[in-house]
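Thanks for coming. I'll go through one model this morning, and you can follow along on the screen.

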Amino acid sequence: MPTPSSARAPRRDAAANREAILGAAAVALNEDIDASLETIAARAGLSRRAVYGHFATRDELLIEVFTRGARRLAALLDPVSNPDPLVEIALFGATLWAEVEHIRVSAALAVRGPHRAMVGTALDPARERLRATVRRGMDSGRIRTDLDSETVTRLIENAAVSVLDEATRAGLTPEAGHRLVMLAGVGAAGMGWREAGELIASTPELAFSAETVDQNNGGQR
């Protein structure tokens with residue numbers, strides 16, 4: 001008869017294998033968005049059969065990778081707060097960048113690819129936070145009022161996603177991407193580029209932190 005500890009061991013192994021697969025997939029997809037299950041399995045140090053033990057199809061694996069990442073991002077954005085709604089928007093962008101800059105290709109696919117609806121659902125809490133910030137900024141006169149709040153919210157969100165594309169195309173450094181995502185966000189909110197630059201330069205909370213980026217990407221540069 002197996003002991004209680006020996007009976008629990010396979011479950012621990014299965015959980016560890018699943019985490020290894022998800023981590024390997026996130027990295028492999030960033031290197032090659034068409035990475036096969038064989039490639040992902042090899043990176044995880046597992047067989048293709050072992051991957052199929054957790055995910056019936058490659059598509060199922062992608063959905064889990066993308067939605068899990070979106071849920072983590074939403075949780076990271078939840079505590080972000082600042083009395084100035086424009087600074088808060090910049091902080092949203094900086095937090096996003098610190099979380100996904102090392103997987104920028106797969107992150108862009110997650111929010112624009114065929115699974116964007118599922119990813120969008122996972123990001124709904126973060127989107128609602130942004131809506132509230134936009135409404136607060138419009139009420140106080142800090143955010144543009146020539147457009148409705150939903151439009152401004154979408155513009156800010158799309159600006160952040162566009163930075164992922166530009167960062168990949170131009171090979172931006174982590175620090176350059178950090179600055180660009182903030183400029184894009186507050187610019188979409190209605191701030192001029194000179195004023196946006198001054199806001200970033202004069203606000204200590206918006207300074208780039210290599211340590212934060214390293215922590216979010218597991219120390220891998």
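Which helix gives the most to the lining of the largest pocket? Helix 4 does, with 8 residues. Please keep in mind throughout that this is a predicted model.

Let me stay with the pocket for a moment. The space in the largest pocket comes to about 1,200 Å³. There are 44 lining residues, and Gly69, Leu73, Glu99, Val100 and Ile103 are the closest to the pocket's centre. By class, the lining has 25 nonpolar, 12 polar and 7 charged residues. Besides helix 4, which covers 58-77, the helices that each supply at least two lining residues include helix 1 (4-31), helix 7 (116-122) and helix 9 (149-170). Helix 5, helix 6 (104-112), helix 8 (124-140) and helix 10 are also on that list.

Now the overall layout. The chain has 12 helices and 0 strands, so to speak a run of α from start to end when read along the sequence. The C-alpha trace spans about 70 × 35 × 30 Å along its principal axes.

Next, the helix packing, beginning with helix 5. This helix runs over residues 85-100, and it packs with helix 10, residues 174-188, at an angle of about 145°. The two axes are 8 Å apart, and the crossing is right-handed. On the helix 5 side, the residues in contact are Leu86, Ile89, Ala90, Gly93, Ala94, Leu96 and Trp97. They meet Pro174, Gly177, His178, Val181, Met182, Gly185 and Val186 of helix 10. That contact counts 10 nonpolar and 4 polar residues, and no charged ones.

Helix 5 also packs with helix 8. Here the angle is about 155° and the axes are 9 Å apart. With angles over 145 degrees counted as roughly antiparallel, helix 5 and helix 8 are therefore roughly antiparallel to each other. This crossing is left-handed. Pro85, Glu88, Ile89 and Phe92 from helix 5 touch Arg129, Leu130, Thr133, Arg136, Gly137 and Ser140 from helix 8. The classes in this contact are 4 nonpolar, 3 polar and 3 charged. Note that Ile89 appears in the contact with helix 10 and again in the contact with helix 8.

The last pair is helix 6 and helix 9. How do their axes lie to each other, roughly parallel or oblique? The axes come within 9 Å and cross at roughly 140°, and helix 6 and helix 9 are therefore oblique to each other. Helix 6 passes helix 9 in a left-handed sense. From helix 6, the residues in contact are Arg104, Val105, Ala107, Ala108, Val111 and Arg112. Their partners in helix 9 are Asn158, Val161, Ser162, Leu164, Asp165, Ala167 and Thr168. By class, the count is 7 nonpolar, 3 polar and 3 charged.

To finish, back to the pocket. Helix 5, helix 6, helix 8, helix 9 and helix 10, the helices in the pairs I have just described, each supply at least two residues of its lining. Helix 4 still gives the most.

How values were computed
Residues numbered from 1 in each chain as written. Predicted model: local features only at pLDDT ≥ 70, side-chain atom pairs only at ≥ 80, totals over all residues. Heavy atoms only, no water. Axes fitted to C-alpha atoms, helices over the stretch in contact; angles between N-to-C directions. Helix = DSSP H or I, 4+ residues; strand = E, 2+ residues; numbered from the N terminus. Left-handed = near helix turned anticlockwise from the far one by under 90°. Contact = heavy atoms within 4.5 Å. Nonpolar A, V, L, I, M, F, W, Y, C, P; charged D, E, K, R; others polar. 1 Å grid on protein atoms, 1.4 Å probe; cavity = no way out; pocket = protein on both sides within 12 Å on 5 of 7 lines; lining within 4 Å. Points joined across faces, edges and corners; volume = space filled by probe spheres on them. Parallel < 35°, antiparallel > 145°, perpendicular 65-115°, else oblique.
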